[in-house]
Amino acid sequence: MRFSIAAAFMATTVLAAPQAAQLEPGRFSCGTPDPTAEQLAIAQEFLKEEAYAIANGTLAKRAVTYVDTYFHVVASSTAASDGYISDSLLTAQFNALNAAYAPHQIQFVLKGTDKTVNSNWARDGAGYELTMKKALRKGTYKALNIYFLKDMGSNLGYCYFPTSVTANSNNFWKDGCTVLHTTVPGGTLTNYNKGHTVTHEVGHWLGLYHTFQGGCTGAGDSVADTPAQASASSGCPVGRDSCPSQAGADPIRNYMDYSYDTCYDNFTPGQAARINSFWTTYRASCSAC
Ligand SMILES: *[C@@H]1O[C@H](CO)[C@@H](O)[C@H](O)[C@H]1NC(C)=O
Ligand SMILES: [Ca+2]
Ligand SMILES: [Zn+2]
């Protein structure tokens, strides 16, 4: 692993603001910003090292990474319809997340759950993101904080990619994932209520880009074993091949596409390697945070 990568990019890496949804309601829509040119360059550097580590067997021998996890429910009242998620649905959400990552040496450990009623905080885009997170965020930069909100506009969720942060900076406080409450298993959002909006968003928090990043040409998502894809999928379009001149059909079942929750079933070994690279470089090694 090249620890120099983090330092080399430290000076200019800033967190982009979440993007407004670009797809119509009723489709999966993620507000995680596209990676910057700099972030794509980091991924390209990782890709070279990962190829060696896969080939020489080092990667296969890595230990399980345990990720301390905190759930924060932020609702506008104690009614389920206002975002006050029951304990049983939160347990189901946690289990769905862990099941998705279990084949890849990643396990989440639920360290705490809190529930807050605050109608300003419960509405993403109302201007309270930093205030809310400063009040609720727990753990170091290695800890995953997921905020379940009542209202996300037309996004289902967004996260921030791993980067170089300093203690007590806004980038540190903002780190984490924000997800629409109706996407948890048993939630009311048809086709997106098996808990895999969280799986997808946590993929970003661990360093993964969308499988359709960059379209058919160029570096794409900078992962070698996810076939190139022209655009986001919708539903579960079996056989979709949006880049016919490139190898492989679209990875519609990959958690980093935009398919229905029932369609998703995998991360690839290349994505697992990328998660390991980002974890080691930015989160496990963050001594100042
Ligand atoms: C395998 O490759 C990785 C990545 O380049 C390297 O860090 C590691 O030292 C190599 N291990 C062996 C046993 O060659
Ligand atoms: Ca790819
Ligand atoms: Zn996304």
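# Exercises on a predicted model

In this predicted model, 4 bridges connect strand β3 (residues 144-149) with strand β5 (residues 177-180), and the two run parallel.

## Exercise 1

Find which residues of β5 stand opposite Phe-148 and Leu-149, then place β3 in its sheet.

Solution.

Step 1. Phe-148 faces Val-179 in β5. Leu-149 faces Leu-180 in β5.

Step 2. Turn to strand β1 (residues 65-75), which is joined to β3 by 6 bridges and runs parallel to it. Here Tyr-70 stands opposite Asn-145 in β3.

Step 3. Put the strands in order. The open sheet has 5 strands, arranged β2-β1-β3-β5-β4, and its pairing is mixed. β2 (106-117) and β4 (157-159) are the edge strands; each has a single partner strand, so one side of each has no neighbour in the sheet. On average, neighbouring strands of this sheet are turned by 20° against each other, direction ignored.

Strands of a sheet pair through backbone hydrogen bonds, in parallel or antiparallel fashion.

## Exercise 2

Sort the residues of β3 by the way they point, and state how many are buried.

Solution.

Step 1. In a regular strand, side chains alternate between the two faces of the sheet.

Step 2. Leu-144, Ile-146 and Phe-148 point one way from β3, while Asn-145, Tyr-147 and Leu-149 point the other way.

Step 3. The residues of both groups are all buried. Since 6 of the 6 residues of β3 are buried, the strand is largely enclosed by the rest of the structure.

## Exercise 3

Decide whether Leu-208 and Lys-174 are buried or exposed, and name a residue that lies far along the chain from each.

Solution.

Step 1. The cut-off for buried is 20 or more other C-beta atoms within 10 Å.

Step 2. Leu-208 has 30 other C-beta atoms within 10 Å, so it is buried. Leu-208 sits in the loop between α6 (196-205) and α7 (269-283). Apart from neighbours within four places in sequence, its contacts are Gly-203, Met-256, Gln-271, Arg-274 and Ile-275. Phe-267 is 59 residues from Leu-208 in sequence, and their C-alpha atoms are 9.9 Å apart.

Step 3. Lys-174 belongs to helix α5 (residues 170-174). Lys-174 counts as buried because it has 20 C-beta neighbours inside 10 Å. Leu-130 is 44 residues from Lys-174 in sequence, with 6.2 Å between their C-alpha atoms.

## Exercise 4

Describe the surroundings of Gln-105 and Ser-222, each of which has a positive phi although it is not a glycine.

Solution.

Step 1. Most residues other than glycine have a negative phi.

Step 2. For Gln-105 the phi is about 65°. Gln-105 lies in the loop between α3 (87-101) and β2, and counts as partly exposed because it has 17 C-beta neighbours inside 10 Å.

Step 3. For Ser-222 the phi is about 60°. Ser-222 is in the loop between α6 and α7, and with 24 C-beta neighbours inside 10 Å it counts as buried.

## Exercise 5

List the residues around ligand 1 and divide them by type.

Solution.

Step 1. Glu-49, Tyr-52, Ala-53, Asn-56 and Thr-58 surround ligand 1.

Step 2. This shell divides into 2 nonpolar, 2 polar and 1 charged.

## Exercise 6

Locate the domain that UniProt records and give its helix and strand content.

Solution.

Step 1. An unreviewed UniProt entry places "domain: Peptidase M43 pregnancy-associated plasma-A" at residues 188-277.

Step 2. Residues 188-277 are 21% helix and 0% strand, and the end C-alpha atoms of the span lie 36 Å apart.

Notes: Residues are numbered from 1 along each chain as its sequence is written. Chains are lettered from A and ligands numbered from 1 in the order in which they are written. This is a predicted model: local features need pLDDT of at least 70, side-chain atom pairs count only at pLDDT 80 or more; totals for chains, interfaces and linings use all residues. UniProt positions are given in the numbering used here, feature names are shortened, and annotations may be inferred rather than shown by experiment. A residue is near a molecule or strand if its C-beta atom, placed from the backbone, lies within 6 Å of it. Ala, Val, Leu, Ile, Met, Phe, Trp, Tyr, Cys and Pro count as nonpolar, Asp, Glu, Lys and Arg as charged, and the others, Gly among them, as polar. A residue is buried if 20 or more other C-beta atoms lie within 10 Å of its own, exposed if 12 or fewer, and partly exposed in between; C-beta atoms are placed from the backbone. Two residues are in contact if their C-beta atoms, placed from the backbone, lie within 7 Å. Two strands pair if DSSP finds at least two bridges between them. Axes are lines fitted to C-alpha atoms, for helices over the stretch in contact, and angles run from 0 to 180 degrees between N-to-C directions.
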